Amino acid sequence: MFDKLKEECGVFGVYNNNNSFDTSRLTYYGLFALQHRGQESAGIAVNNNGTILYRKEMGMVSEIFDDVVLNYLKGHSAIGHVRYSTTGESYAENAQPLVIKYTKGHMAIAHNGNITNASEIKKELEDKGTIFQTTSDTEVIAALLSRVRIKYSAIEDALNEVMQIIKGAYSLLIMTPHKLIVARDPLGMRPLVIGKKDDSYVFSSESCAFDSLGIEFIRDVEPGEIIIVDNKGIKSIQTKTPEKSASCIFEYIYFARPDSIMDGIEVYSARYEAGRILAKEHPVDADVVVGVPDSGLAAAHGFADESGIKYVGGFMKNRYVGRTFIQPSQEMRELGVHLKLNPIRSQIEGKRVVMIDDSIVRGTTCRKIVNLLKDAGAKEVHVRVSSPPVKYSCYFGIDTPERTKLIAGTKTMDEIRELICADSLGYISNEGLLNTCKNGKREYCMACFNGKYPIDVNNKEEK
Ligand code: AMP
């Protein structure tokens with residue numbers, strides 16, 4: 001079904017105004033804080049007096065960069081990227097930032113998201129003679145931008161036109177010899193925030209990267225906003241946006257780090273609240289509550305506080321194994337759960353356990369974890385899920401498989417309960433989930449739960 005790469009990524013960029021800090025090291029630490037957004041490849045590109053230097057490779061941030069590399073990457077602006085991709089498409093050419101040369105000079109681009117009409121645009125450009133070297137959307141954006149750019153003297157005006165053509169989710173960083181330009185898609189699907197260090201502007205997928213680096217959080221980049229930073233300062237252009245935004249609610253459920261604040265909502269609080277709502281919607285008689293680390297922990301605390309059932313640390317997690325999902329094959333994914341989690345027997349044995357997980361996608365992970373608890377002596381395992389059933393594929397950058405592989409896309413509640421070996425099963429309702437983000441400034445995309453896609457995906461949707 002998917003003929004191209006789907007990407008979950010993190011981006012970080014800085015325009016270092018007066019060299020008051022080390023640009024590449026700041027970017028390195030920024031990417032390190034965003035490592036949860038992608039562990040397959042990482043890269044940094046810097047602008048060294050008009051020359052773009054870069055390093056990108058497969059692997060984790062700490063594996064790719066060392067002092068020698070960071071000393072080489074000297075520059076006054078930088079953009080960086082961490083990337084995770086799905087099966088089959090994991091090769092180094094797709095690592096970012098993408099650095100290109102074209103008639104008006106050169107630029108580096110880093111992108112988080114998914115362009116839903118990339119195949120169509122690519123075909124049109126190929127028909128006109130453009131050659132593509134990767135399967136990533138980023139190259140499609142770069143190719144389109146360099147073509148449109150010929151008509152404009154300022155790159156941001158070209159980007160404005162490109163944003164009227166491309167559809168989908170994107171948080172975009174573009175570095176040219178004189179500017180750093182960032183843009184967020186008109187629906188605000190993927191997150192992007194602005195911070196300030198001394199007099200310099202910094203951009204990141206998530207605010208958690210700012211806290212550890214002494215960067216002051218300024219605000220979210222608005223949906224459809226283009227921001228340009230150069231030696232004259234900062235400028236913003238608001239492009240055309242639809243009436244309603246559609247920020248990805250799955251960011252709060254699973255993808256983002258709990259200490260990040262996105263569009264006015266702290267991720268931890270949203271998850272905690274989901275746990276409380278879940279306890280009200282699906283109460284159960286039990287002895288202990290455990291959360292599946294890490295994304296289920298905040299909701300487990302919320303569930304325990306609301307229900308009065310004792311919270312216990314049910315699992316030890318080996319932090320040195322990447323996310324279960326990183327393993328490309330199903331076989332490795334299954335093994336990954338065992339490598340990663342071990343139940344703490346004294347907390348589980350002989351108990352009726354409520355197990356809180358953030359989401360069930362294929363159902364493989366959940367079944368394994370329920371069985372780990374049963375093997376550790378749990379008398380009953382009641383699964384409560386802090387997101388609604390994932391019934392529809394995502395086309396905007398969250399890695400969900402095609403519908404037939406989504407357990408809730410094809411099975412009834414009772415069948416799912418049986419397949420995951422749980423004694424009972426309860427998911428938060430769509431309305432309950434929306435209430436976890438009710439104080440935020442956005443409307444949300446809930447397409448993976450309700451099938452209402454904010455952008456037409458009719459040629460991609462499987463029935
Ligand atoms: P499964 O049901 O086996 O597909 O695994 C679901 C688990 O994987 C959830 O509990 C999440 O912790 C995690 N997960 C959910 N969505 C994603 C995603 N898009 N990328 C990586 N991991 C995910």
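Start by selecting Asn47, which counts as buried at 0% relative accessibility. Keep in mind as you look around that this is a predicted model.

**Stop 1: Asn47 and its partners**

Asn47 belongs to strand β2, residues 41–48. Show its side chain and add Gly50, whose backbone nitrogen lies 3.0 Å from a polar atom of the Asn47 side chain. Next add Pro177: here the backbone oxygen is the atom to pick, at 2.6 Å from a polar atom of the Asn47 side chain.

**Stop 2: helix α1**

Now select residues 23–33, which form helix α1. Because 9 of its 11 residues are buried, this helix is largely enclosed by the rest of the structure. To colour the buried ones, choose Thr23, Ser24, Arg25, Leu26, Thr27, Tyr28, Gly30, Leu31 and Ala33. Then look at the N-terminal end of α1, where Asp22 acts as the cap. A side-chain oxygen of Asp22 lies 3.2 Å from the backbone nitrogen of Ser24.

**Stop 3: the ligand**

Select the ligand and expand to its shell, and you will pick up 16 residues. The closest are Tyr254, Val361, Arg362, Gly363 and Thr365. By class, the shell divides into 6 nonpolar, 5 polar and 5 charged residues. Two helices to highlight are α8 (250–255) and α13 (364–375), each of which supplies at least two residues of the shell.

Three distances involving ligand oxygen atoms deserve a label. For Asp358, an N or O atom in the side chain is 2.9 Å from an oxygen atom of the ligand. For Arg362, use the backbone instead: an N or O atom there lies 2.8 Å from a ligand oxygen. For Gly363, a polar backbone atom is 2.7 Å from an oxygen atom of the ligand. Switch to a surface view next: taken alone the ligand exposes 500 Å², and the protein buries 94% of that.

**Stop 4: the largest nonpolar core**

Which residues touch the most other members of the largest nonpolar core? Select Phe303, Phe396 and Phe449, which do so in this set of 49 residues. Elements that each supply at least two residues of this core are α8, α9 (267–281), α10 (297–307), β21 (352–357), β24 (444–445) and α17 (447–450). Among the contributors, α9 gives the most, with 6 residues. You have already met α8 at the previous stop, as a supplier of residues to the ligand shell.

**Stop 5: the cysteines**

How many disulfides does a search of the whole structure find? The count is 0. Select Cys9 and Cys394 to see why Cys9 is unpaired: the closest cysteine sulfur to that of Cys9 is in Cys394, 12 Å away, which is too far for a bond, as a disulfide needs the two sulfur atoms within 2.5 Å. Cys9 is buried, with a relative accessible area of 0%. Move on to Cys208, which is in no disulfide either; its nearest cysteine sulfur, that of Cys9, is 15 Å away. Cys208 also counts as buried, at 1% relative accessibility.

**Stop 6: Ile131**

Finish with Ile131, in the loop between α4 (118–127) and α5 (137–149). Is this residue buried or exposed? Ile131 is exposed, with a relative accessible area of 69%. For a last distance, pick the C-alpha atoms of Ile131 and Ala143: these residues are 12 apart along the chain, and the two atoms are separated by 9.0 Å.

Methods:
Residues numbered from 1 in each chain as written. Predicted model: local features only at pLDDT ≥ 70, side-chain atom pairs only at ≥ 80, totals over all residues. Heavy atoms only, no water. Buried < 20%, exposed > 50% of the residue type's maximum accessible area, 1.4 Å probe, protein only. Near = heavy atom within 4 Å. Polar contact = N/O pair within 3.5 Å; in protein donor to acceptor, adjacent residues only side chain to side chain. Areas by Shrake-Rupley, 256 points an atom, 1.4 Å probe, with all protein chains shown as cover. Helix = DSSP H or I, 4+ residues; strand = E, 2+ residues; numbered from the N terminus. Nonpolar A, V, L, I, M, F, W, Y, C, P; charged D, E, K, R; others polar. Core = buried A, V, L, I, M, F, W, Y, C linked by side-chain atoms within 4.5 Å.
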